[in-house]
Amino acid sequence: MAFKLPTPSFFKGKTKSDPKAAANAVAASKVQPVKKPSSGWFGGLFGAKKPASIIAAGPTTAARSATGPSTNSAFGATGNQTQKLAATVAANKTAKPKRDMGAFSLPVLGRYPLQTQFQVLGTLIAVFFVFMLGAIALDTNSRGNISTWTNITSQLQFHTQRLAKSAGLAARGDVSAFPQLQDSRDQFQIYMDVLNDGGPAFNTKVPNAKISEELTSRLEELTKRYQEASNAATAILAAKNDLTNLSRNVAQVRAGSEELAGISQQLTVALQQSGTNPAQVLKVNRLTFLAERLGRGSAEILGAEIIDPEVTFLMGKDTNDFRDLVKALESGSEAVGVAAVGGENRARVTKLRDSFTSFESNVKPILDNVQKLVASRQSGRALQQGSEQLLSNVEQMQNAFTAEAGRLPLILAGIFGVLMLATIGLVGYLYLVNERKRGLESELAFGSFWPMIKERITRFSGLPWV
């Protein structure tokens, strides 16, 4: 069905006077026969596609061209517009615009399908996440261990000072110093075992502290120094009974020497008043001197860091001289040059003898165990002198732990975190590019299908598509 419009006089005259236009009209009407499309509404829309020349000229174009152009002018102009539209559609089919959607491609994964790329990138995200968590856990564990080791070295500093102080007091027989000395030695040993072999400390369990060459060297030096201090402390503890007896005996000797000196002085005055021979008075007066020197010797033994052998020798000699003089005053002795005293002075000599017997019982253990006392005193002195070096080693160990608390695990955690985020961003970018490309393909497919629909509508209605 087609509408016939009257041909304007302008086109009529133009066609008649223009042979070239007539020839073009005749050429346009020469088309190849095509299969007759199916009838009906859907057949008119979606039937076999007619050439553009048929749409432009109509079914009776050849006849109209033969008889004259008077009835073909309007449709000839409309046909030109339809021909231009058909040419545009054909150009769109042959030369589709291409957008540069494939400019970005992964170096290695780009050759694989998009689904494979997503799987590989997802695996990388999981791996980076696991590595990041592992680095964070490693950093947390490392910092916890170093914190525990640092606390141990702080305790070692305390026990080093306590060892030196308690060793000095224990070597002089101070009873209260021995528990402190033993506790510090045992605690020091426990902490050293933890540093060397690992174990529980401060409600946690840590490995050994040999995590670097420097720490291993520091720990070996500290262990060697501590072993010397431990041996000294053990020697002092082994002589505990002798040292405590020393302290008690020295105290009694000092008290007894004062008592002996007082009794001897009273006896000397009494002998002078009784008119005793001055030579014998001088002999008796020597008892006072011997008692006082015994008291000074015992005090020196108790307070000196190193026991002078001469002091112990004099104490033994003075004790023997004191005993001989007392016996001479009781029984007389020509060898000593002292006659026996009588009367009231004899009672004073008896009292002096009893006091000396108690005094000698306290001096004798000191003289018998002098070698043990010397060894213990030397151990205490060695421990005190070595405490400075031991404390220095502990401080160096603590500084090494502080320096070892690096940031490498935390840096690794940051690197893995950045890689994970970058991979997530890459996945998102590939997803957006894929979605955009699919949308463009749908748009291009619809764009190639829409001109065909417009052509069918034009052919069915007989009206040009504007």
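How many aromatic pairs does the count come to? Six, and one of them, Phe131 with Phe416, makes a good way into this predicted model. The protein has 15 helices and two strands, and buried residues make up 35% of its 466 residues. Here's a quick tour, from aromatic rings to cores, salt bridges and a loop with some unusual backbone angles.

**Overall picture**

- Take the contacts between residues at least 6 apart in sequence: 77% of them join residues at least 24 apart.
- The protein exposes about 27,100 Å², with carbon and sulfur atoms supplying 57% of that area.

**Aromatic rings**

- Phe131 and Phe416 make a tilted pair, with 5.2 Å from centre to centre and 55° between the planes.
- Phe131 sits in helix H7 (residues 114-171) and Phe416 in helix H15 (residues 408-461), so this pair ties together parts that are 285 residues apart in sequence.
- Phe131 itself is partly exposed, at a relative accessible area of 44%.
- There's also an aromatic cluster, formed by Phe322, Phe356 and Phe359.

**Nonpolar cores**

- The largest nonpolar core holds 71 residues, and Leu156, Leu195 and Phe322 are the ones that touch the most other members.
- Plenty of helices chip in: H7, H8 (177-197), H9 (213-238), H10 (240-273), H11 (278-303), H12 (309-331), H13 (344-368) and H14 (370-404) each supply at least two residues of this core.
- A second, separate core has seven residues, including Ala135, Ala413, Phe416 and Met420.
- Phe416 therefore turns up twice, as a member of that second core and as the H15 half of the pair with Phe131.
- Back in the largest core, what does Leu195 contact once its neighbours within four places in sequence are left aside? The list runs to Trp149, Ile152, Leu156, Asn208, Ala209, Lys210, Leu219 and Phe401.
- Leu156 is on that contact list and, like Leu195, is named among the residues touching the most other core members.

**A nonpolar patch on the surface**

- Val127, Phe129, Val130, Phe131, Leu133 and Ile136 make a nonpolar surface patch of about 500 Å².
- Phe131 belongs to this patch as well as to the tilted pair with Phe416.
- Ile136, another patch member, is found in H7 and counts as partly exposed at 38% relative accessibility.

**Salt bridges**

- The salt bridge count comes to 10.
- In H7, Arg143 and Asp139 are four residues apart, about one turn of the helix, and their side chains meet in a salt bridge at 3.1 Å, N to O.
- Are the two partners buried or exposed? Asp139 is buried, at 8% relative accessible area, while Arg143 counts as partly exposed at 36%.
- Lys364 and Asp368 make a salt bridge at 2.8 Å, N to O; being four residues apart in H13, they're separated by about one helical turn.
- Arg286, Lys317 and Asp321 are joined into one network by salt bridges that share partners.
- Asp354 forms a salt bridge with Arg353, with 3.5 Å between the closest N and O atoms.
- Both of those residues are partly exposed, Asp354 at 44% relative accessibility and Arg353 at 35%.

**A buried serine in H13**

- Ser355 is found in H13 and is buried, with a relative accessible area of 12%.
- Leaving out residues up to four places away in sequence, Ser355 touches Glu259, Leu260 and Ile263.

**The loop between the strands**

- Where is Phe202? Its place is in the loop between strand S1 (199-201) and strand S2 (204-206).
- Phe202 has a positive phi of about 55° although it isn't a glycine, and at 39% relative accessibility it counts as partly exposed.
- Asn203 is in the loop between S1 and S2 too, and also isn't a glycine despite a positive phi of about 60°.
- Asn203 is exposed, with a relative accessible area of 87%.

Conventions:
Residues are numbered from 1 along each chain as its sequence is written. This is a predicted model: local features need pLDDT of at least 70, side-chain atom pairs count only at pLDDT 80 or more; totals for chains, interfaces and linings use all residues. Side-chain values use heavy atoms; hydrogens and water are left out. Rings of Phe, Tyr and Trp (its six-membered ring) pair if their centres lie within 6.5 Å; planes under 30 degrees apart count as stacked, over 60 as edge-to-face and the rest as tilted. Buried means under 20% relative accessible area, exposed over 50%, partly exposed in between (1.4 Å probe, protein chains only). A nonpolar core is a set of buried Ala, Val, Leu, Ile, Met, Phe, Trp, Tyr and Cys residues joined through side-chain atoms within 4.5 Å. Contact means heavy atoms within 4.5 Å. Patches are made of residues with over 30% relative accessible area and no salt bridge: like charges are joined within 9 Å, nonpolar side chains (Val, Leu, Ile, Met, Phe, Trp, Tyr) within 5 Å. Accessible areas come from the Shrake-Rupley method with a 1.4 Å probe; for residues, only the protein chains shown count as cover. A salt bridge is a side-chain nitrogen of Lys or Arg within 4 Å of a carboxyl oxygen of Asp or Glu.
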